[in-house]
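The following paragraphs lead the reader through one protein chain, from the packing of its helices to a pair of charged side chains and the overall fold. Please keep the sequence and the structure in view while reading.

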Amino acid sequence: MVTLLFTSWRTDSWPSYALTLLACVLASAFYQYLEYVRYRVRRGRKPREGTAEEPFLLRSKGAGMVGKIAGGVLFGLSSLLGYLLMLAVMSFNGGVFLAVILGLTVGYLVFRGEDDDQTAGLNSTCACA
């Protein structure tokens, strides 16, 4: 079937292939979530109306350095996941490609759909974001 990212990650049956595709969808949606959180940390904007969420790590004036460190860590994680998704797509398997696109789409709609269109892809680590 397909070898994904590592030689130890091989699918040899339809159930293992389906689980691999599910992992790709979830990883892609999680990528969008990381981008959403990173954007919120960077901007320090108020949360969406109707949620109990507070601005992440920006509750006091002394949180500037903590916000920068958190933003850097989130950027690193986002970059790592973005490049792993790119490598997964480069397996040239149509199912993996569609699973990544589906996950990015669902993640965007769930986490980033209400943001301004200008913020989509802002300093993105992945060309597909």
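For the packing of two helices, an axis is a line fitted to C-alpha atoms over the stretch in contact, and the angle between N-to-C directions can run from 0 to 180 degrees. The model considered here is predicted.

With that definition in hand, consider helix α1, which covers residues 14–43, and helix α3, which covers residues 94–112. Their axes lie 7 Å apart and meet at an angle of about 35°. The crossing of α1 and α3 is right-handed. On the side of α1, the residues in contact include Y17, L21, C24, V25, S28 and A29, and further along Y31, Q32, Y33, E35 and Y36. Among their counterparts in α3 are G95, V96, A99, V100, L102 and G103, together with L104, G107, Y108, F111 and R112. By character, 15 residues of this contact are nonpolar, five are polar and two are charged.

One of the residues of α1 in that contact, E35, also takes part in a salt bridge. The side chain of E35 meets that of R38, with a distance of 3.1 Å from N to O. A search of the whole structure finds one salt bridge. Both partners belong to helix α1, where they are three residues apart, about one turn of the helix. Side chains of opposite charge can pair when their charged atoms come close. Are the two partners buried or exposed? R38 counts as buried because its relative accessible area is 9%, under the cut-off of 20%. E35 is likewise buried, with a relative accessibility of 5%.

The database record adds a further view of the chain. An unreviewed UniProt entry places the feature "transmembrane region" at residues 14–34, 65–86 and 92–111. In the model, residues 14–34 are 100% helix and 0% strand, and the C-alpha atoms at the ends of this span are 30 Å apart. Residues 92–111 are 90% helix and 0% strand, with 28 Å between the end C-alpha atoms.

Finally, the chain may be viewed as a whole. It contains three helices and zero strands, so that, by the assignment of DSSP runs numbered from the N terminus, the order of elements is α-α-α. Of the 129 residues in the chain, 34% are buried. Among contacts between residues at least 6 apart in sequence, 66% join residues at least 24 apart.

Terms used. Residues numbered from 1 in each chain as written. Predicted model: local features only at pLDDT ≥ 70, side-chain atom pairs only at ≥ 80, totals over all residues. Heavy atoms only, no water. Helix = DSSP H or I, 4+ residues; strand = E, 2+ residues; numbered from the N terminus. Left-handed = near helix turned anticlockwise from the far one by under 90°. Contact = heavy atoms within 4.5 Å. Nonpolar A, V, L, I, M, F, W, Y, C, P; charged D, E, K, R; others polar. Salt bridge = Lys/Arg side-chain N within 4 Å of Asp/Glu carboxyl O. Buried < 20%, exposed > 50% of the residue type's maximum accessible area, 1.4 Å probe, protein only. UniProt positions renumbered as here; feature names shortened; annotations may be inferred.
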